[in-house]
Amino acid sequence: QVPLAESGGGSVQSAGTLRLSCVASGSTADRPCLGWFRQVVGQERAGVAVIDRDGSTTFPDSVKGRFTISKDNAKNTLYLRMNNLVPADTAMYYCAASRANRCIATMISGRTMSSRFTYWGQGTQVTVSS
């Protein structure tokens with residue numbers, strides 16, 4: 001098991017910025033693909049960013065240019081910086097880890113599949129007001 005714990009969520013106004021953090025309490029050496037997902041009640045959990053072992057990143061069009069994913073291996077920490085937030089970004093955000101050797105293996109038709117990720121954090125709520 002690789003326990004994950006998110007933090008940094010909260011309430012922010014439109015055009016604001018938040019940075020989420022996810023700390024892993026175990027080694028992620030065998031979980032080379034890391035990602036962030038978000039979910040609204042009644043909707044599917046959607047991937048918003050993934051990062052490979054080599055640092056390569058992928059974003060869906062909905063957040064491209066606004067969100068940045070990064071990691072600090074020495075601190076076992078994953079980050080998601082969200083700029084220019086809009087109300088549509090309101091959701092519960094989760095960090096996750098996959099056994100996939102490359103993040104491309106977690107995707108189908110350009111979408112990151114939550115089913116390809118083995119470990120999940122408890123989630124942190126992000127609320128964006130207009």
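**Figure 1. β5 and the lining of the largest pocket.** In this predicted model, β5 is the top contributor to the lining of the largest pocket, putting in four residues. That strand covers residues 46-51, and β4 (33-39) and β11 (111-112) join it among the strands that each hand over at least two lining residues.

**Figure 2. The middle of the largest pocket.** The space here adds up to about 440 Å³. Lining it are 21 residues, and the ones closest to the centre are R45, A46, G47, R111 and T112. So what is the make-up of the lining by class? Nine residues are nonpolar, eight are polar and four are charged.

**Figure 3. The second largest pocket, seen from its centre outwards.** This one holds about 260 Å³ of space. Which residues lie nearest its centre? They are T28, R31, L34, K71 and N73, out of 17 that line the pocket.

**Figure 4. Strands and residue classes around the second largest pocket.** Four strands each bring at least two residues to this lining: β3 (18-24), β7 (67-72), β8 (77-82) and β9 (91-98). Sorted by class, the lining of the second largest pocket comes out as nine nonpolar residues, with four polar and four charged ones alongside.

**Figure 5. The strands behind both pockets.** Step back from the pockets and look at the chain they sit in. How many helices and strands does the chain have? The count is zero helices and 13 strands, so reading from the N terminus you just get β after β, written β-β-β-β-β-β-β-β-β-β-β-β-β. The radius of gyration is 14 Å, and the globule rule also gives 14 Å for 130 residues, which means the chain is as compact as a globular protein of that length. Along the principal axes, the C-alpha trace spans about 40 × 30 × 25 Å.

**Figure 6. Contacts, burial and surface.** Take the contacts between residues at least 6 apart in sequence: 60% of them link residues at least 24 apart. As for burial, 42% of the 130 residues count as buried. On the outside, the accessible surface of the chain comes to about 6700 Å², with carbon and sulfur atoms accounting for 47% of that area.

Technical notes. Residues numbered from 1 in each chain as written. Predicted model: local features only at pLDDT ≥ 70, side-chain atom pairs only at ≥ 80, totals over all residues. Heavy atoms only, no water. 1 Å grid on protein atoms, 1.4 Å probe; cavity = no way out; pocket = protein on both sides within 12 Å on 5 of 7 lines; lining within 4 Å. Points joined across faces, edges and corners; volume = space filled by probe spheres on them. Nonpolar A, V, L, I, M, F, W, Y, C, P; charged D, E, K, R; others polar. Rg over C-alpha atoms; globule rule 2.2 N^0.38 Å. Buried < 20%, exposed > 50% of the residue type's maximum accessible area, 1.4 Å probe, protein only. Contact = heavy atoms within 4.5 Å. Areas by Shrake-Rupley, 256 points an atom, 1.4 Å probe, with all protein chains shown as cover.
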